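Colleague: I would like to learn how surface patches and charged pairs are read from a set of coordinates. Could we go through them with one case in front of us?

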Amino acid sequence: MRNKLACALVLAGVLSPLLAQAGPQQMLLLIDMLKENGTLTEAQHQQLKAAMMAEDPAPSSKQPLAQQTLPLSASEPVDVMVSTQGGSVKAESYDGRSSFQLTAQIAADAAWYDSDITDMGNAAEIRYARIGAEGTLFGPWEYELEIDFAGEDVGLKDAWLGYRTMGDSRFKVGLFKTPFSLEEMTPSANQTFMERSLINAMTPGRNVGVGFETYGGQWSLAGSIFGEGADDGDDRLDDEGWGRSLRGTWAPVATDTRALHLGLSSTARTYGGDSDDEAVFRIRTDPESHLVDSNNYLLDTNQYETKKSKYKIQHMEHTTSIGVEAAMVHGPVSLQGEFVRTYVNSEDYMESLDFHGFYVAGSWFLTGESRNYDHTQGRFGRITPYSNFGWGEGSGAWEMALRYSHLDLDDQDIEGGREWNATVGVNWYVNPNIRFMANYIVVNSEPDAAGEEDDPRIIQVRGQYDF
Amino acid sequence: MRNKLACALVLAGVLSPLLAQAGPQQMLLLIDMLKENGTLTEAQHQQLKAAMMAEDPAPSSKQPLAQQTLPLSASEPVDVMVSTQGGSVKAESYDGRSSFQLTAQIAADAAWYDSDITDMGNAAEIRYARIGAEGTLFGPWEYELEIDFAGEDVGLKDAWLGYRTMGDSRFKVGLFKTPFSLEEMTPSANQTFMERSLINAMTPGRNVGVGFETYGGQWSLAGSIFGEGADDGDDRLDDEGWGRSLRGTWAPVATDTRALHLGLSSTARTYGGDSDDEAVFRIRTDPESHLVDSNNYLLDTNQYETKKSKYKIQHMEHTTSIGVEAAMVHGPVSLQGEFVRTYVNSEDYMESLDFHGFYVAGSWFLTGESRNYDHTQGRFGRITPYSNFGWGEGSGAWEMALRYSHLDLDDQDIEGGREWNATVGVNWYVNPNIRFMANYIVVNSEPDAAGEEDDPRIIQVRGQYDF
Amino acid sequence: MRNKLACALVLAGVLSPLLAQAGPQQMLLLIDMLKENGTLTEAQHQQLKAAMMAEDPAPSSKQPLAQQTLPLSASEPVDVMVSTQGGSVKAESYDGRSSFQLTAQIAADAAWYDSDITDMGNAAEIRYARIGAEGTLFGPWEYELEIDFAGEDVGLKDAWLGYRTMGDSRFKVGLFKTPFSLEEMTPSANQTFMERSLINAMTPGRNVGVGFETYGGQWSLAGSIFGEGADDGDDRLDDEGWGRSLRGTWAPVATDTRALHLGLSSTARTYGGDSDDEAVFRIRTDPESHLVDSNNYLLDTNQYETKKSKYKIQHMEHTTSIGVEAAMVHGPVSLQGEFVRTYVNSEDYMESLDFHGFYVAGSWFLTGESRNYDHTQGRFGRITPYSNFGWGEGSGAWEMALRYSHLDLDDQDIEGGREWNATVGVNWYVNPNIRFMANYIVVNSEPDAAGEEDDPRIIQVRGQYDF
């Protein structure tokens, strides 16, 4: 018998490249034969079949073998299961402590402008072309890396390393979004409208620094200390000094179909004293339409550069912004609003310059879905339609949305302009990973000191895929 | 028994998507039962258990579990098989409806110039360094994302989302190649020569827009409506308006070793009326050698910029191009040719400016392979050598090729120049993914109004890997 | 029986992590046993074997089936095993001849400057954000592609295709590091200090070309012939001509905990004779701190540009550099040193300009690990701590390090400056893939002809993840 076994093993070893692995068909065939032969009883046969139909708790594949005494060395490969989620690819070790996932986002836009004074010109573009990787390493360590290839601004979006501890808390170091504003913290792929509102011009965005995040059953808290962004654009000062940010949210209601969210955030930056004399501080924004060329932005505190004003903000000391947020979800209906005020202190001004803005927005899913609130980060997540178009009989999810937003960049002698936008949006969620969007924007603005109105109308559409 | 077996196999086939794969639990359960029944001896039972505890050298994976009532939700991971193709990695769901594949292309070039008048200087470069991802999502939805990192033009190549319907038709939105010209539609990795011919200067290339593709047993048809490219270089106008393109191909013969291809394409663009007065329309091309610096291109309708001409093309109204294609494959021999004519209409010219060019090329596989014609897209695909070098006894595939090309950019007072190139090429296909190329190019040109000839000779070589 | 089954299931559940999945070997063994026991008939046995050898329609398991006569065609997918290593993902074909692996490196830095004369300004940045892919194809063919997205220099790092032959030798073509200097050849992720020493300014770095590498039991040899870099910065000449490089190393001792390394390398470049008259040759370096803006580098042979000198190096003929290396590892202690001298020949100088520098460095692992010497490439590899922090009870590895470095860029009338740096470093290796670093640098420099000293102090820290 010993020989027989050895022989079988050797044979199996030699043959194995030529053999298909033992799959359910062969197993089924075998147990059917054994039952027919009377080797297995009818009851045994049924139990075996049931066991095969039950979900296999083993990850199907090669499993991490015994390594009881020492923690698994990181330099040894650990076995993984691979899965797809929306067409992506994810590899995860059997114990769930290490994982790697590819992420991507593609969005193609077209826009038509009924220009008023500023000439905007129709256009099409790739709005997002992002590729990223995220993963965990031995449980507590996490990382994310995301790059955007759209336009000429090829560059890093996220690049951080995190350590998860005390259950639900995380320390981060690297490049990531400074916690401020519900709209800013919600990923671009999950926004209800094609572009964030006018007030987004006052958020600090992504910066290099260290951060802390935690949450409880109904709340979340995040803070960070940060230097500059990854790639200083021309609208930033050379020496930006250091900033800090804090955001807290509270969600007395947070179920799958109902949520009530309240949030407060503040951010501040102290500028380096030895800053270049030529450096200019600037807040500016497109009219909620990215295809507008940056030379044609309506609101800009540095209208000096476009020759529309003789004043500009220099010799910065510090800036402080505060934000107030509220949102609610009630079945297919949701409401959301934010107010942000920014104080800018420069050596050239006795009093702070004071800019502010707000938006209120509502959405209604005609197909009954609910917006997906995540209380652990105080933000909204991906929408999963009840049915998927293009597979089976589904038509996906349909959403109607309205937004009214305002930004006032006029204060003292700075004439950054004022703008009021009303937007109507329609979103078609084909499936959880694909959606099409259309926005119609009515812009009312007084862009500069002349007080003349510039009131374009904008139609813009988007096709988006992300995973 | 035969029937019984067939029946069991059919049953297994039907049930298999609903079954977990035979895993260790079921196997353990089975051998426990068999031992209890007295079918297996205690020794056999122990030996089987020991064999199961040994590490399984065969890779394996999980299969999709029962999800009978609803279509599989996109937000749940579906199980995948992973495979490599030419060293790449591909993950595909069990039902084949979702997939993800990484693609890449690396090409390193060196060139030596026997300059005539224009000084070209020897050099080496990375010609392509592309990484991409493509996939399908729930069957009908497809996407592709490809980025090129070579040189300083890091940027998007493809970024589109497609919907496949009515069997063989596809709608696309995003950034992709505008259908025009056999040579343009054939991927760079599958070109017979290192660079496309002179007429490629008149193709629209990649643009952001919407498209439609379909094909039948012997034909293909593709059309698109598009705005601007992803990243407007300095040789393009600011407001390019909108373009449209249509290409049809007919292949009365299309087998593995024989093909006859005929094609017609047209493309047109209407420029925005409010275009910048300073904007200049430009067609220009290197002498089929990419390492020539763009300041040293021989042919250029904007010789004004290089001070060789006092005329330039401005105040664009529209352009129209037409292309005629033919190709044939007969075993190891192939012939291919194209003619393109472009009409340029500007407010400054009473009559259209008329530029045109053509090429004819032939190739012969010494090792007997045939060029791989794809009638569904009317283009050529990857060459699979009969043998692979470096594994076993093979020497790969060897191909000799000849091309003659011509471009005439002189019309009215625009002196863009005229050029006639003859190229000899040798290609060594080491295996389907690796090839080495060498081209010797004899250039004859009259680049400008002076009528003086500039006739360099060029040797260039390439090593390429793509998957 | 019910209990028995439940018991078996529980047992299976408990044991499953220790069990390999039921693979073809175990299945074969079982059916062989059952046939031997008379449970299965000969016909049943044959049918089961046939079913197992037939191609398995279940994905999980497609294995490279018999293809005995021809080598496996590269266009057919071969089945793979997937594993993670440090959170990465690797796919490898069953026969080990084809593989694909993703690599990544993220490093976030912050620096504080106690400036002396040159104003340096505190800052934070993403120092590295690299993504790469490497793999083998049919055994002998290899490739690597790596891109860095940090800062504004998004660009290729490695892009090459290699052919492995004669056992341990490899030919390479593409973009890769020119062999020169122990410190340069050791990957950035494995450096003992945050930045390489001052002498790194004299290494040729990455260039496009062809190379050869080989090694024996105690030695390695690498050479290359190369053109320009992938992306010529503004500190390089337009026509760099061609260079060649050779490096040999000898390691009389090379065990896991002990090593003695000696190395010699030389590199030279001959410049194109027709180089632009305006082109300036330049060697310059930051004070071992990357966050210093390049306009504030202390040492620079082109101080002409910063108006500090009236001389610059033009009309290049050729440069030659030689390097001498030594290193030793003795348990947790290691020493390392290099000396580099560069001769610069220009038409404007009768005699060669002669620049030189050196460093000596030592490190001590408080936790007992040894630096990981790789004699096949004559360089240092990744550190694997004895314990990992964040999983189990480990605290990772701790290392103290000291370095003294010098660079002299003064010769004849070129006043590039002289610098002496002393660095103290502390490294915490959390696990093999994550580490935190802190460096304190005491800089002493005489940057220009004025002879005035500029002696800043620098503190810099880094968090790094790489796989």
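Colleague: Which strands of chain A each supply at least two residues of the nonpolar patch?

Modeller: This is a predicted model, and a patch in it is read by collecting residues with over 30% relative accessible area and no salt bridge, nonpolar side chains being joined within 5 Å. In chain A, the strands that each give at least two residues to the nonpolar patch are β19 (397-411), β20 (414-431) and β22 (457-466), and the largest share, three residues, comes from β19(A). The patch has about 1000 Å² of accessible area together, and its members include W112(A), W364(A), W398(A), M400(A), Y440(A) and V461(A).

Colleague: Why does V461(A) count as partly exposed?

Modeller: The class between buried and exposed runs from 20% to 50% relative accessible area. V461(A), which has its place in strand β22 of chain A, counts as partly exposed because its relative accessibility is 31%.

Colleague: Which residues form the negative surface patch?

Modeller: For charged patches, like charges are joined within 9 Å. Here the negative patch is made up of D114(A), D116(A), E452(A) and E453(A), of which D114(A) is found in strand β3 (residues 99-114) of chain A.

Colleague: Turning to opposite charges, how many salt bridges does a search of the whole structure find?

Modeller: A pair is accepted when a side-chain nitrogen of Lys or Arg lies within 4 Å of a carboxyl oxygen of Asp or Glu, and over all chains the search finds 51 salt bridges. One of them joins R164(A) to E142(A), with the closest N and O atoms 3.0 Å apart. Since R164(A) lies in strand β6 (residues 155-165) and E142(A) in strand β5 (residues 141-148) of chain A, the pair ties together parts that are 22 residues apart in sequence.

Colleague: Is E142(A) buried or exposed?

Modeller: E142(A) counts as buried, at 10% relative accessibility, whereas R164(A), at 28%, counts as partly exposed. Salt bridges that share partners also join E142(A), R164(A), R170(A), K172(A) and E213(A) into one network.

Colleague: What of chain C, where R403(C) and E288(C) meet in a salt bridge?

Modeller: The N to O distance of that pair is 3.4 Å. R403(C) lies in strand β19 (residues 397-411) of chain C and E288(C) in the loop between β12 (284-285) and β13 (299-300), so the parts that the pair ties together are 115 residues apart in sequence. Both R403(C) and E288(C) are buried.

Terms used: Residues are numbered from 1 along each chain as its sequence is written. Chains are lettered from A and ligands numbered from 1 in the order in which they are written. This is a predicted model: local features need pLDDT of at least 70, side-chain atom pairs count only at pLDDT 80 or more; totals for chains, interfaces and linings use all residues. Side-chain values use heavy atoms; hydrogens and water are left out. Accessible areas come from the Shrake-Rupley method with a 1.4 Å probe; for residues, only the protein chains shown count as cover. Lys and Arg count as positive and Asp and Glu as negative; His and the chain ends are not counted. The place of a charge is taken as NZ of Lys, CZ of Arg, CG of Asp or CD of Glu. Helices (H or I, at least four residues) and strands (E, at least two) are DSSP runs, numbered from the N terminus. Buried means under 20% relative accessible area, exposed over 50%, partly exposed in between (1.4 Å probe, protein chains only).
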